[in-house]
Amino acid sequence: MAGGKGKRLHAVTRDEIPKPLAPVNGTPIIEWQIKCLRENDITEICIVIGHLGEKIREKLGDGSALGVKLRYFHEETPLGTAGALAYLSDFIKGEDFTLVYGDCVFDVDIKRMATFHKGKEAHATLFVHPNSHPYDSDIVLLDKDACIKGILPKNEPRNFWYDNMVNAGLYILSGNTCNDIPTGRPADLEKEYITGLIPEQKVYGYHSPEYIKDAGTPERIKEVTKALSTGTVAARNLKNKQKCIFIDRDGTINHDTGLFCKIEELSLFPFAAEAFKHINDSGFLAIVVTNQPVIARGLCTPEDVDEIHKKMKTLLGEKGAYADAVYYCPHHPDKGYPEENPMYKIPCKCRKPGIGMIEQAMNAFNIAPELSWIIGDTTTDIQTGINAGLKTALVRTGEAGTDGKYNPVLDIESANLLTAVEQILGG
Ligand SMILES: [Zn+2]
């Protein structure tokens with residue numbers, strides 16, 4: 001979809017070239033897109049052009065120089081984010097297809113996303129991820145199965161805690177989509193089409209930490225240029241092994257009040273958001289792994305813990321930081337408390353120092369343990385890292401390693417989460 005006017009990018013395009021031809025690190029945005037599509041064996045591409053669109057046709061021609069087959073659909077009048085689809089059924093031929101917007105730079109393993117899409121039998125799959133400004137983004141609400149339950153619009157006030165999960169602007173859509181889009185008038189893909197499918201449970205969110213960014217303003221072009229030139233964009237493709245910093249929660253990110261389960265009690269250490277932000281700006285993923293035996297003890301429910309994590313994500317998001325994922329273990333092996341929940345009173349592989357949560361994350365995000373770290377305040381966290389083959393950092397907050405449960409050899413010890421992250425990233 002390359003027909004937009006790109007007003008926000010006027011300083012770069014001067015209204016002489018269309019936005020998709022704006023150069024990023026020396027190459028037009030649209031050529032970065034085509035390169036990624038071709039690497040995913042997507043070689044039949046229809047470019048929807050509008051304002052100044054003939055310049056795209058002049059530049060890219062039939063696509064043979066880029067190893068793809070291009071055709072063009074010229075919008076005489078702008079048809080919104082989806083209106084052109086109504087005219088493309090002879091191109092799409094009823095097959096599932098990928099839709100991208102002309103101002104996004106991405107390097108994504110789309111085949112992996114397509115496998116997810118097929119597995120869910122979705123009609124629409126949205127590429128979703130946490131971002132650094134959830135407070136002014138539409139938030140996608142996912143259930144445990146990654147089915148999208150709703151979208152919180154950015155312009156509605158939020159007086160509640162919310163997840164940080166945002167639609168990045170890359171879609172896989174059912175071949176039938178073309179038949180459902182009205183002809184002869186502009187149509188909005190998200191507001192008209194996707195929103196209508198949500199009640200039918202046919203829209204899924206594919207959560208991935210791969211690089212995808214809207215390069216639609218001069219500032220963003222600068223950021224994307226930097227990420228391309230340092231290799232971050234390509235390195236984050238999930239075909240490649242990822243590096244991660246796993247982070248314990250209580251005593252490391254927030255004050256540990258002991259068996260804490262009331263949401264009011266959650267208070268982040270003042271340095272926590274900055275620590276996450278440093279990781280977000282590096283090539284590492286930031287993933288929280290926490291034992292929450294309070295669920296097994298019957299002191300709170302999994303929903304209460306989810307709500308606490310929403311609060312954590314909202315507070316981090318307000319400061320421009322995010323966790324790529326959060327895993328918790330609800331179990332505890334010891335029985336005998338009056339209020340306990342027997343469903344969770346079981347031995348498990350996820351309770352640290354077990355490595356079930358780490359393994360789950362490693363599978364979900366193709367993480368290499370030998371490139372990764374764990375940061376925590378207890379010897380249990382350090383032992384978890386050793387069991388999983390990670391490098392380890394103990395912080396002198398929370399229990400500061402005085403729990404005495406294990407006697408592991410650490411890689412580093414540091415004052416707190418922020419200083420630990422600085423040591424790790426500083427090499
Ligand atoms: Zn567990």
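**Exercises on a predicted chain**

The chain exposes about 18,800 Å², of which carbon and sulfur atoms supply 51% (Shrake-Rupley method, 1.4 Å probe). This is a predicted model: local features need pLDDT of at least 70, side-chain atom pairs count only at pLDDT 80 or more, and totals for chains, interfaces and linings use all residues. Residues are numbered from 1 along each chain as its sequence is written, and side-chain values use heavy atoms, leaving out hydrogens and water.

**Exercise 1.** Compare the radius of gyration of the chain with the globule rule.

*Solution.*
- Step 1. The secondary structure comes to 14 helices and 18 strands (DSSP runs: H or I, at least four residues, for helices; E, at least two, for strands).
- Step 2. The radius of gyration, taken over C-alpha atoms, is set against 2.2 Å times the number of residues to the power 0.38.
- Step 3. For 427 residues the rule gives 22 Å and the chain has 23 Å, so the chain is as compact as a globular protein of that length.

**Exercise 2.** Determine what share of the 427 residues is buried.

*Solution.*
- Step 1. Buried means under 20% relative accessible area (1.4 Å probe, protein chains only).
- Step 2. Buried residues make up 55% of the chain.

**Exercise 3.** Describe the lining of the second largest pocket.

*Solution.*
- Step 1. The lining has 36 residues, with Leu142, Asp143, Lys144, His207 and Val326 nearest the centre of the pocket.
- Step 2. Elements giving two or more residues to this lining include β8 (139-142), β11 (203-207) and β15 (325-329).
- Step 3. A pocket is an open set of points on a 1 Å grid over the protein atoms alone, where a 1.4 Å probe fits, with protein on both sides within 12 Å along at least five of seven lines; lining residues have an atom within 4 Å of a point.

Conventions:
Buried < 20%, exposed > 50% of the residue type's maximum accessible area, 1.4 Å probe, protein only.
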